[in-house]
Structure formats: C-alpha cells, structure tokens
Amino acid sequence: MNFIILEEVDSTNSYVSLHASELPSPTMVIANTQTSGRGQRGNSWESEPGLNLTATLFYKPLALEPRLQFALSEAVALAVADYLRSEGLEAMVKWPNDIYVGNSKICGILIEHCITSTAVEHSRIGIGLNVNQTVFVSDAPNPVSMRMLTGQKRDISRVAAAMGVMLEKRLADVSSAAGRQRLHTDFLSRLWRGDRKAYPFRRRSDGCCFQGVIETVESSGPILISDLDSSSTSSYMFKEVEFII
C-alpha cells in the first residue's frame with residue numbers, strides 16, 4: 001500500500017481523479033483537511049480538520065467485469081468493519097456500504113469507477129471514518145465516532161496504516177469467484193438490519209413508507225425487501241429505497 005498525505009485538498013476523490021494516470025495501485029490519499037469532502041447523493045461530509053480519517057484509495061482491480069463491481073463495495077465495507085472489530089467495535093454494513101455501530105453511522109464510503117465495456121479500469125474509493133471528532137454540527141441524524149464510543153483518542157496515521165492492511169486483505173478476494181463468494185457471504189452476515197425483523201422503509205419513487213423485512217442482497221447489488229403491508233417482495237437498486245432511522 002502506498003500512502004500520500006496532503007495537508008489540505010478540496011476532496012481526496014477529486015485529487016485521485018485528477019492524478020489517476022500517475023498513481024500506482026493501490027495508493028491511499030489522506031487529507032488532514034477537506035474543503036469540499038463529498039458523500040453519497042452529492043452530500044458534503046462533515047469532518048473537523050485532523051480528527052478523522054478522510055481518504056481515497058486508488059485501486060486497479062485485476063480483470064474485473066463491470067457486472068461484478070459490487071464485490072468491490074462489499075470488500076471495502078467489510079474491511080472497514082474488520083478494522084473497527086479489531087478495535088473492539090462491532091460494526092455492521094448498512095446497504096449498500098455505510099458502516100454503523102448500533103443505530104449510529106461511523107463511516108461513509110463513496111466509490112467511483114472508471115469502466116470500459118469489458119472491465120473496471122480503476123476505482124476511487126472514498127472513506128470517511130469518524131475517529132476523534134466528538135461534536136457534529138451538521139443536520140446528519142446519527143453520527144458517532146470511535147472516540148465517542150470508546151473514550152480513546154487515536155493517531156490518524158496509525159488508523160490509516162491498519163485500515164490499509166484490512167483493505168488489501170479484503171480486496172484480494174475480488175479477483176476470484178471463490179473470493180467474491182466469500183465476500184458476499186461475509187457481507188450478508190454483517191448486514192445491518194438483516195436479522196429478519198421488520199423495519200420501516202421509504203420508497204423514493206412515491207414517498208410511501210412501509211414495514212419491511214430484508215430478504216437478501218444479491219451479489220450484483222440490489223436489495224430484496226418484503227413489504228409486510230402489501231405482502232409483496234421487491235428488488236431495489238441504490239437510491240430507490242431508504243431506511244427510516
């Protein structure tokens with residue numbers, strides 16, 4: 001794993017996108033301060049300078065077909081959960097790839113791919129892990145940090161190094177069918193609210209709320225949820241259904 005540490009940048013994902021042709025794989029770009037850190041759906045990512053891990057991993061998978069790209073998302077989410085478990089925190093993966101401890105979000109992941117018709121050429125994997133921040137002022141409903149949960153302050157460089165080890169281990173499984181099956185099995189076992197209990201959801205197409213049970217997540221990415229109100233099961237792609245916290 002190669003590391004690049006920047007004092008300040010607009011966003012590490014943007015930096016990696018700009019310098020992709022120059023970077024070896026894998027390279028983790030870490031920023032002390034992000035002025036325009038990005039989250040999912042175009043949201044900003046709140047992070048006090050120097051307190052959290054704000055990084056983007058540049059990664060070139062080996063001959064990975066576009067239809068298999070969700071395996072990369074599974075690998076990264078599991079790597080973050082693995083790291084948190086090594087620190088005594090039992091983390092789960094909220095589909096598709098947010099990381100939760102209990103009902104609180106501790107890490108956001110943003111993955112952008114460069115894809116041809118036959119392969120994923122490279123991926124830009126943004127990771128925002130709340131490490132030492134204890135006060136959040138944005139309207140995010142449920143943030144939490146490692147320090148809030150454990151009372152311990154951590155060195156960000158050590159967190160990054162440990163995270164790099166976990167990422168390399170999990171990403172190694174992306175290149176083989178057996179490895180991808182292992183990732184998917186582990187992903188399902190760590191799925192937040194994947195305990196066969198009913199939880200509230202909201203369909204984004206019509207804004208309708210319903211009580212649902214997660215049946216599974218397919219290896220290609222869609223989530224299958226049984227609607228207990230209508231006794232039907234539907235498959236949803238990312239952004240088509242929301243968890244109500």
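Strand β5 (residues 98–101) pairs with β6 in the antiparallel sense, and 3 bridges hold the count for this pairing. In this predicted model, Tyr100 of the pair stands opposite Lys105 in β6. The two strands form a hairpin with 2 residues between them, and Gly102 in that turn has a positive phi of about 65 degrees.

On to the next hairpin along the chain. β6 and β7 form a hairpin with 4 residues between them. Strand β6 covers residues 104–115 and strand β7 covers residues 120–129; they run antiparallel and are joined by 9 bridges. Two facing pairs help to place the register: His113 stands opposite Ser123 in β7, and Ile111 has Ile125 in β7 as its bridge partner.

A further antiparallel pair is found in β9 (residues 209–217) and β10 (residues 223–227), which 5 bridges join. Here Thr216 stands opposite Leu224 in β10. The table puts these pairings side by side.

| Strand pair | Bridges | Facing residues |
|---|---|---|
| β5 and β6 | 3 bridges | Tyr100 and Lys105 |
| β6 and β7 | 9 bridges | His113 and Ser123 |
| β9 and β10 | 5 bridges | Thr216 and Leu224 |

**The two sheets**

Where do β5, β6 and β7 sit in their sheet? They belong to an open sheet of 7 strands with the order β1-β2-β3-β7-β6-β5-β4, and its pairing is mixed. The edges are taken by β1 (2–9) and β4 (92–94), each of which pairs on one side only. From one strand to the next, the twist averages 25 degrees.

β9 and β10 are found in another open sheet, built from 5 strands in the order β11-β10-β9-β8-β12, with antiparallel pairing. Its edge strands are β11 (232–236) and β12 (241–243); each has a single partner strand, so one side of each is left without a neighbour in the sheet. The twist in this sheet averages 45 degrees from one strand to the next.

**A pocket that β6 helps to line**

Strand β6 comes up again in the second largest pocket, which holds about 330 Å³ of space. Its lining is made of 15 residues, and Phe70, Ser73, Pro96, Asn97 and Phe238 lie nearest the centre. The elements that give two or more residues to this lining are α2 (70–86) and β6. Of the contributors, β6 gives the most, with 3 residues. What is the chemical make-up of the lining? It divides into 8 nonpolar residues, 7 polar ones and no charged ones.

**Two residues up close**

Leu6 is found in strand β1, which is an edge strand of the 7-stranded sheet. Is Leu6 buried or exposed? Its relative accessibility is 17%, and because buried means under 20%, Leu6 counts as buried. Leaving aside residues up to four places away in sequence, Leu6 touches Tyr15, Val29, Ile30, Ala31 and Asn32. Ser17 is 11 residues from Leu6 along the chain, and their C-alpha atoms are separated by 15 Å.

Gly194 lies in the loop between α5 (177–189) and β8 (199–203). With a relative accessible area of 32%, Gly194 is partly exposed, because that class runs between the 20% limit for buried and the 50% limit for exposed. Its C-alpha atom is separated by 23 Å from that of Ala140, which is 54 residues away along the chain.

Terms used
Residues are numbered from 1 along each chain as its sequence is written. This is a predicted model: local features need pLDDT of at least 70, side-chain atom pairs count only at pLDDT 80 or more; totals for chains, interfaces and linings use all residues. Side-chain values use heavy atoms; hydrogens and water are left out. Two strands pair if DSSP finds at least two bridges between them. Axes are lines fitted to C-alpha atoms, for helices over the stretch in contact, and angles run from 0 to 180 degrees between N-to-C directions. On a 1 Å grid over the protein atoms alone, a cavity is a set of points where a 1.4 Å probe fits but cannot get out, and a pocket is an open set with protein on both sides within 12 Å along at least five of seven lines; lining residues have an atom within 4 Å of a point. Grid points are joined across faces, edges and corners, and a volume is the space filled by probe spheres set on the points. Ala, Val, Leu, Ile, Met, Phe, Trp, Tyr, Cys and Pro count as nonpolar, Asp, Glu, Lys and Arg as charged, and the others, Gly among them, as polar. Buried means under 20% relative accessible area, exposed over 50%, partly exposed in between (1.4 Å probe, protein chains only). Contact means heavy atoms within 4.5 Å.
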